Amino acid sequence: MSLWQKMNRKEDPRIYENKDGHLVRSLKVKDILALGVGTIVSASIFTLPGEVAAMHTGPAVAISFILAAIAAGLVAFAYAEMAAAMPFAGSAYSWINVIFGEFWGWVAGWALLAEYFIALAFVGSGLSANFRALIAPIGLKLPPYLSNAFGTNGGIVDLVSIISIALVGVLISIGLNRVARVENALVVLKVFAILLFVVVGATAIKNCNYVPFIPKYHPTDNGPFGGFQGIYAGVAMIFLSYIGFDSVAANSAEAIEPQKTMPRGIIGSLIIAVVLFVSVSLVLVGIMPYAKYAGNAEPVGLALRFAGHPAIAVIVQTIAVLGMFTALIGMSMAGSRLIYSFGRDGMLPKWLGKINQNHRPNNAVFAITFIAIVIGAIFPFAALSQLISAGTLIAFMFVSIGIYPLRKREGKDIDDPSFKMPLFPILPFLAFLAAFIVFLGLDSQAKIYAGIWFILGVIIYLIYGAKHSSLNR
């Protein structure tokens, strides 16, 4: 068999059904919604709106959130159909393996793996920033070498980030039932904190902070600011806020009645997230001048203190710190299931695809936990946001365009799902186009890192994956 034939050989969906059959189906719609909201409405809602407003958009940050939501929403429809038709562990990796072939599935999965590694480090950094701001008023302060990533502001290691990621890894290794209960409770608390901020913050809004709503465009050291160019740059930076529905799809092999559960969980969690993001961003820039948020990783607490509500700031940030664990849980679960899928199929060492006596892929859990800790120790918070989006957008483009060949096989060798992407064949193309346009808006550094990651993935496939793939048998 030639290399080209190996790259394009497709996995039989029935094989994945058998391979994933030993995973316990325990997740209900409420659990999937909690996972989705918990992952999408994560550190980004407490960190990104202020940063994006200061760097690119000004008060128009809400427009960037809405445009990013439209792009993500189009892709979410494609994800919902894929997850209903093929409820396998690994989400886009497994789907593309079945639809397009082994190599293309590997590329999509490899791109997503970058998302999970970096997203865990990103959320851990955001959690650490909010936690340190929370304990500072009572006189507790970690030294710089334990507060920042290596080489950043005198930092050696971000201790709080490391501990939080490690704790989540241990929690997931115990079992999904316990994790789901913790996740559900924390999501309710986090939504309460967000609504509390919106209600209290709305009383301190000053209309002058919205003028001009779309500042005049001018270039800066951070890229474009103001005008459509600034809003577009904001979309690229913000897009990572909505990528959590991929982590929901990655757990479809452990969902009860996935044909109903997955579409409701994916689309429902995205709708809830859009409302919360837009509300927070409008209140945030209304409380104080957007320029004051520059370089600040805890803008919600900063805004409440500025508005004269330090006690509310403590309440919101305390819940925010706890709530960020929901994003760590969602990303860790999804990333570990993806690594498990790689090991299951022989694309990475087989021990990563093994499960323990309790039917949990704990080798994969510990692997992603360790690598996320290392990445968080190297990269500072500001460098992580666009790097997450790059890998995810590549997978989004694959999934969107994959709806066309999927439709030809539904009802044949692939189940005919109860949910289908509406306005076929137009909407899949629009979803692909939206993801591609957002990808073009990423800064050059993110594209370079994405290119390096892609080349590394191709090398691993050629040296290891193609030789050890389970399809060789």
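Select Arg14 first: at 53% relative accessibility this residue counts as exposed, where exposed means over 50% relative accessible area, buried under 20% and partly exposed in between, with a 1.4 Å probe and protein chains only. This is a predicted model, in which local features need pLDDT of at least 70 and side-chain atom pairs count only at pLDDT 80 or more, while totals for chains, interfaces and linings use all residues. Residues are numbered from 1 along each chain as its sequence is written, and side-chain values use heavy atoms, with hydrogens and water left out.

Add Asp12, which is partly exposed at 25%; its side chain meets that of Arg14 in a salt bridge of 2.9 Å, N to O (a side-chain nitrogen of Lys or Arg within 4 Å of a carboxyl oxygen of Asp or Glu). The whole structure holds 8 salt bridges.

Next, select Arg344 and Asp345, whose closest N and O atoms are 3.0 Å apart in another salt bridge. Here Arg344 is buried, with a relative accessible area of 7%, and Asp345 is buried as well, at 2%.

Move on to Arg407 and Glu410, a salt bridge with its closest N and O atoms 3.8 Å apart, in which Glu410 counts as buried at 9% relative accessibility. Extend the selection to Glu81, Asp416 and Lys420, and you have the network of salt bridges that links these residues with Arg407 and Glu410.

Opposite charges are the theme of these stops: side chains of opposite charge can pair when their charged atoms come close.
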